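Biologist: Pick a single part of this one and take me in for a close look, then work outwards from there. I'd like the pairings and the side-chain contacts in one connected story.

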Amino acid sequence: MLLDWLKTLLLYPLPHHLVSRAVFWLTRRESRLTGPVIKRFAKLFDVEMQDAVEPNLEHYKTFNAFFTRALRPEARPITGGDGEIACPADGRISAIGDIDEGRIFQAKNRDYSLLTLIGGDQTAANRLNSGSFTTIYLSPRDYHRLHMPISGKLLNQVHVPGRLFSVGPHTVRTLPNLFARNERVVAQFETEVGLMALVLVGAINVAAIETVWHGLVTPPEGKKIGRVAYTDDAAISLERGAEMGRFNMGSTIIVLMENKAKWRVDMNPGDAVRMGQYIGNCTH
């Protein structure tokens with residue numbers, strides 16, 4: 001725990017956004033160093049390439065193209081039963097359970113505010129207040145596109161400015177209100193099982209958060225909470241398993257459900273998960 005605290009404290013004085021903007025620029029440049037850097041990264045983090053549409057590392061012109069690579073559809077079959085929740089990303093379960101009177105579990109002796117997490121939307125918070133959640137951490141080695149857990153109609157997107165602390169396990173254990181203080185993008189969907197919110201949490205070196213309907217959300221960095229509503233004239237519906245966004249570098253996605261989900265009993269914090277697999281069931 002002492003090491004966790006030391007690693008977390010070192011993050012406070014860093015210019016989070018400056019570092020991340022530099023990463024944004026570097027990862028989109030083509031140079032003779034791109035190939036060696038990609039190969040070194042893939043070896044260092046043991047990146048699996050056999051499921052990628054393009055498995056040959058030499059064919060990626062920029063680091064970002066490699067990092068946000070697409071997978072073959074058959075590599076991630078999507079669960080399809082009524083009310084079944086598909087995992088939105090490759091990664092590891094950080095936390096999972098019920099939302100307790102507007103509070104979400106982060107780690108032992110730490111929870112945080114649902115209302116703050118979603119950018120102060122009291123109406124949505126009232127609906128999600130007694131629902132369920134799961135938090136999934138994406139490491140640098142993982143596939144970094146994000147997908148729909150269940151089918152839904154997009155209601156709005158909210159960009160909430162904040163810091164860019166690491167979201168690695170050591171900061172989850174030590175930094176209070178981590179996910180509610182980092183920059184994030186919140187997408188709310190109306191589904192057949194009630195309201196669902198997907199929270200894409202930024203982190204240091206996460207130089208971009210994108211959604212498929214908006215494109216690049218950040219950068220540029222916003223100074224105020226930015227809300228975009230999607231009315232019937234601009235209705236967007238996405239099926240379960242459809243891509244909804246992506247990260248650059250590792251980060252975290254939080255799934256919030258209005259109605260309590262029956263999560264798989266054999267799934268616990270720390271378990272590895274893959275996009276599309278069955279992680280629970282939710283009904284009205």
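Modeller: Two strands count as a pair here if DSSP finds at least two bridges between them. Keep in mind that this is a predicted model.

Let's zoom in on the hairpin of β3 and β4. Strand β3 covers residues 103–107 and strand β4 covers residues 110–113; they run antiparallel and are joined by 4 bridges. The turn leaves 2 residues between the strands, and Asn109 takes a positive phi there, near 65°.

Arg103 is a good residue to follow. Its bridge partner in β4 is Ser113, while its side chain goes to Asp111 in a salt bridge, with 2.9 Å from N to O. Buried or exposed, where does Arg103 fall? Arg103 counts as partly exposed because its relative accessibility is 33%. Asp111 gets the partly exposed label too, at a relative accessible area of 36%.

That contact is one of the salt bridges, and the count comes to 16. Here's one that reaches further along the chain: Lys260 and Asp98 meet at 3.7 Å, N to O. Lys260 sits in the loop between β15 (251–257) and β16 and Asp98 in strand β2 (residues 91–98), so this contact ties together parts 162 residues apart in sequence. Lys260 is partly exposed at 43%, and Asp98 is partly exposed at 40%.

The loop between β15 and β16 turns up again with Glu258. The side chains of Arg127 and Glu258 meet in a salt bridge at 2.8 Å, N to O. Because Arg127 lies in helix α6 (residues 122–128) and Glu258 in that loop, the parts they tie together are 131 residues apart in sequence. Arg127 is partly exposed, with a relative accessible area of 30%. Elsewhere, there's a network of salt bridges that links Asp46, Glu48, Asp51, Arg72, Glu74, Arg76, Asp90, Arg141 and Arg274.

Follow the loop into β16 and you land in an open sheet of 3 strands, ordered β1-β18-β16 with antiparallel pairing. Its edge strands are β1 (84–86) and β16 (261–263), each pairing on one side only. The twist averages 35° from one strand to the next. Between β16 and strand β18 (residues 278–282) there are 3 bridges, and Ala261 stands opposite Cys282 in β18.

Now, why is Cys282 not bonded to Cys87? The sulfur of Cys87 is the closest cysteine sulfur to that of Cys282, yet it is 16 Å away, too far for a bond. The disulfide count comes to 0. Both cysteines have 1% relative accessibility, so Cys282 and Cys87 count as buried.

There's also an open sheet of 4 strands to look at, in the order β6-β14-β10-β11, with antiparallel pairing. Here β6 (145–147) and β11 (215–218) are the edge strands, and neighbours are turned by 30° against each other on average, ignoring direction. β6 is joined to β14 (residues 243–247) by 3 bridges, with Leu146 partnered by Gly245.

One last stop, at the surface: Met1, Trp5, Leu9 and Tyr12 make a nonpolar patch of about 420 Å². Tyr12 comes from the loop between α1 (2–9) and α2 (16–26), and counts as partly exposed because its relative accessibility is 34%.

Terms used:
Residues are numbered from 1 along each chain as its sequence is written. This is a predicted model: local features need pLDDT of at least 70, side-chain atom pairs count only at pLDDT 80 or more; totals for chains, interfaces and linings use all residues. Side-chain values use heavy atoms; hydrogens and water are left out. Patches are made of residues with over 30% relative accessible area and no salt bridge: like charges are joined within 9 Å, nonpolar side chains (Val, Leu, Ile, Met, Phe, Trp, Tyr) within 5 Å. Accessible areas come from the Shrake-Rupley method with a 1.4 Å probe; for residues, only the protein chains shown count as cover. A salt bridge is a side-chain nitrogen of Lys or Arg within 4 Å of a carboxyl oxygen of Asp or Glu. Buried means under 20% relative accessible area, exposed over 50%, partly exposed in between (1.4 Å probe, protein chains only). Axes are lines fitted to C-alpha atoms, for helices over the stretch in contact, and angles run from 0 to 180 degrees between N-to-C directions. A disulfide is a pair of cysteine sulfur atoms within 2.5 Å.
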